[in-house]
2 protein chains.
Amino acid sequence: MDDRKQKVLLAIIQDYVATAEPVGSRTIARKYQLGVSPATIRNEMADLEEMGYIEQPHTSAGRVPSIVGYRYYVDSLMKKEIVPPDLEKIIREGLERKVRDVGEIMHYTGQLLAKLTSYAALVMMPGLFGGHIRHIQLVPLVLPRVTLVVVMDSGTIKNHVFEVEEDIGEDDLSVISTVLNAKLRGMTVAGIRRTVLSEINLELSRYRDVLNRAMEALSDDRGTVEAGKIHLDGMFNILNQPEFHNVEKVKTLLTLLEQEDVLKGLLSGTVPAGSVTVRIGSEMSCRFVEECSMVSATFRMGGQDVGILAVLGPTRMEYARVVSLIEFATRNLSLYLNRLVQGREDW
Amino acid sequence: MDDRKQKVLLAIIQDYVATAEPVGSRTIARKYQLGVSPATIRNEMADLEEMGYIEQPHTSAGRVPSIVGYRYYVDSLMKKEIVPPDLEKIIREGLERKVRDVGEIMHYTGQLLAKLTSYAALVMMPGLFGGHIRHIQLVPLVLPRVTLVVVMDSGTIKNHVFEVEEDIGEDDLSVISTVLNAKLRGMTVAGIRRTVLSEINLELSRYRDVLNRAMEALSDDRGTVEAGKIHLDGMFNILNQPEFHNVEKVKTLLTLLEQEDVLKGLLSGTVPAGSVTVRIGSEMSCRFVEECSMVSATFRMGGQDVGILAVLGPTRMEYARVVSLIEFATRNLSLYLNRLVQGREDW
DNA sequence: ATTTAGCACTCGCCTCAAAGGAGTGCTAAC
DNA sequence: GTTAGCACTCCTTTGAGGCGAGTGCTAAAT
């Protein structure tokens with residue numbers, strides 16, 4: 001791939017991203033000063049097409065970047081954009097103001113990302129597993145229904161309702177709560193050791209059944225308020241994209257986005273390392289989003305990946321801008337989350 | 001409005017609701033056995049149009065019901081449908097299985113309503129004000145950040161993060177929690193009396209500042225997990241309606257539905273009495289949903305309206321079916337919610 | 001007096017063909 | 001290696017004509 005071919009490919013991608021129209025040789029010669037005539041560009045385009053980087057919707061339309069073309073662009077051609085300082089300031093100030101609990105920060109970040117990119121933003125909320133237990137309590141509702149409430153140091157809360165045996169009273173629950181608190185406080189959910197559990201079991205042997213159910217509830221992510229949930233913002237942004245002026249497409253996509261498990265599947269393709277993952281069209285291996293791309297990254301808390309931030313848009317996406325925004329957002333998010341939890345900033 | 005006119009109007013509405021096509025005199029004569037010829041029906045239709053019950057999209061199309069026509073139908077013509085017993089069984093069993101916490105029941109109801117009606121369902125979650133306080137606790141996060149956790153007897157949880165003065169320690173919080181629990185347990189949030197507050201203030205005079213902030217948090221609905229939130233289900237159902245095959249309309253509607261305050265505004269038009277409210281097109285006085293209707297009803301808990309259930313669909317809606325479903329759903333919901341809270345069933 | 005058949009008329013929608021235009025590939029000249 | 005020229009392709013737009021559904025009116029039938 002010689003230098004000029006790269007320039008042509010870049011021009012095609014830039015123009016197509018901007019206009020959503022197949023781009024022809026004349027356009028490139030006119031708008032992007034390569035110092036050569038349309039004919040020359042046509043030759044280069046023929047080569048690029050043979051190499052698989054661009055495609056022709058039909059004879060005598062312009063060229064459109066292929067998945068391979070976008071991939072090459074993202075990997076080799078794309079220049080990272082610098083987040084403008086005033087924008088940076090806005091984001092920082094917004095986060096600063098929201099530094100109260102994890103939920104608020106996440107919400108804010110999602111909305112911001114949707115607004116700035118004008119694509120859809122997904123935020124997978126951190127689960128319980130990252131943070132440390134601050135408080136744990138069994139609260140009687142209408143017996144035999146009780147709820148297990150767990151407060152993490154991030155401010156995240158989990159509650160899980162279940163039923164206990166008839167002969168358990170409020171006092172029993174209060175005793176159990178005290179012991180659980182003493183033993184489990186400061187631990188991560190993932191880090192609860194068998195030794196601790198058996199200690200508890202020993203101490204509260206007559207409540208074995210309640211304890212089992214409580215532990216089950218603790219490690220069950222379902223009941224967790226917010227945590228593990230996926231928030232969607234700016235879903236309607238995609239309706240502004242010309243590729244979704246077709247109602248059928250909108251329908252399949254929206255139907256998809258309403259199913260949380262599908263979203264989880266999509267997000268799970270994110271590499272955990274901390275770098276930004278870009279997946280283009282069929283790379284997501286989900287045939288319903290073949291005309292979409294996803295840019296995603298994990299964010300960290302206490303040295304551990306706890307959640308994912310992602311932007312979903314058409315394959316014809318402003319990758320450079322989105323990648324830098326995601327990068328910036330996750331970095332900030334990690335920073336503020338850690339500050340929230342411990343003053344630690346070890347990202 | 002004589003009997004035959006009513007029959008014609010009914011036929012027009014039924015046919016239009018079923019087909020979404022303007023309906024002509026021939027169709028009515030053929031499909032609905034009125035025993036008269038198309039010409040007669042045409043005369044009746046001309047009358048109905050003059051009276052404002054139906055409209056013509058353009059000369060020589062069929063007729064379409066007007067807002068006034070639908071209104072007349074809903075008020076006078078519509079026969080309540082009976083919820084089929086097998087469906088009733090499914091709903092009851094589903095609710096039975098979900099009887100654990102309010103959130104789950106509400107979610108389930110919303111999804112069910114969306115699925116059964118194939119329109120969009122809205123659920124406004126009950127706030128804190130209906131239920132009784134079961135447990136209240138100030139949990140230290142990373143000091144000076146603390147969170148106030150309130151568990152209601154419905155299983156609803158509220159948490160609100162705020163900051164306290166530097167010199168407040170964990171022991172102080174634990175003392176405050178004990179007192180708050182002793183004093184406030186069993187009360188409704190709305191029912192906390194000034195006498196109780198001053199008792200608490202007396203007992204914990206050195207913590208006045210923390211207490212003020214806690215009380216503020218308690219009566220602030222924002223931080224409440226789930227409560228007061230509006231859940232939307234089956235939003236994509238409306239995309240199946242032919243009137244929304246136009247992307248622009250979809251866009252305005254979806255944009256609308258994403259704004260929670262707008263939804264609240266729409267829901268606030270529901271009459272609290274306990275009957276079902278039907279609002280048709282412009283009756284909602286929001287120009288973005290002029291082509292939509294909303295069927296809604298409040299549900300009760302402990303003798304108080306605590307939330308709203310609603311279905312949003314095109315004006316061309318199967319009112320009879322939706323109304324009976326909503327009626328049935330709210331009745332059941334009230335029943336199960338009350339059973340959840342107190343075994344009371346005083347609706 | 002009401003109902004109905006007949007008929008002319010309106011108007012949206014579909015089809016089809018023609019025109020237009022954007023873009024290409026090839027060839028030959030530079 | 002580059003470029004101008006040109007024939008060719010194929011999508012898109014445009015407009016006219018025909019079709020069909022439906023109406024309102026009138027006059028005849030009940």
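User: What makes V311(A) count as in contact with another residue here?

Analyst: Two residues are in contact if their C-beta atoms, placed from the backbone, lie within 7 Å. Leaving aside neighbours within four places in sequence, V311(A) meets that cut-off with L113(A), T117(A), Y119(A), A121(A), M294(A), V295(A), V322(A) and I326(A). This is a predicted model, where local features need pLDDT of at least 70, side-chain atom pairs count only at pLDDT 80 or more, and totals for chains, interfaces and linings use all residues. Residues are numbered from 1 along each chain as its sequence is written, with chains lettered from A and ligands numbered from 1 in the order in which they are written.

User: Why is the set of 143 residues called a nonpolar core?

Analyst: Because a nonpolar core is a set of buried Ala, Val, Leu, Ile, Met, Phe, Trp, Tyr and Cys residues joined through C-beta atoms within 7 Å. Buried means that 20 or more other C-beta atoms lie within 10 Å of a residue's own. V311(A) and L122(B) are among the members touching the most others in this largest core. A second, separate core has 52 residues, including M152(A) and I136(B).

User: What makes G24(A) near DNA strand C?

Analyst: A residue is near a strand if its C-beta atom, placed from the backbone, lies within 6 Å of it. G24(A) is one of the closest of the 20 residues that surround DNA strand C, so it fits that definition. The largest share of that surface, four residues, comes from α3(A).

User: How many residues does each chain give to the contact between chains A and B?

Analyst: Chain B gives 29 residues and chain A gives 29 residues.

How values were computed. Helices (H or I, at least four residues) and strands (E, at least two) are DSSP runs, numbered from the N terminus. A residue is buried if 20 or more other C-beta atoms lie within 10 Å of its own, exposed if 12 or fewer, and partly exposed in between; C-beta atoms are placed from the backbone.
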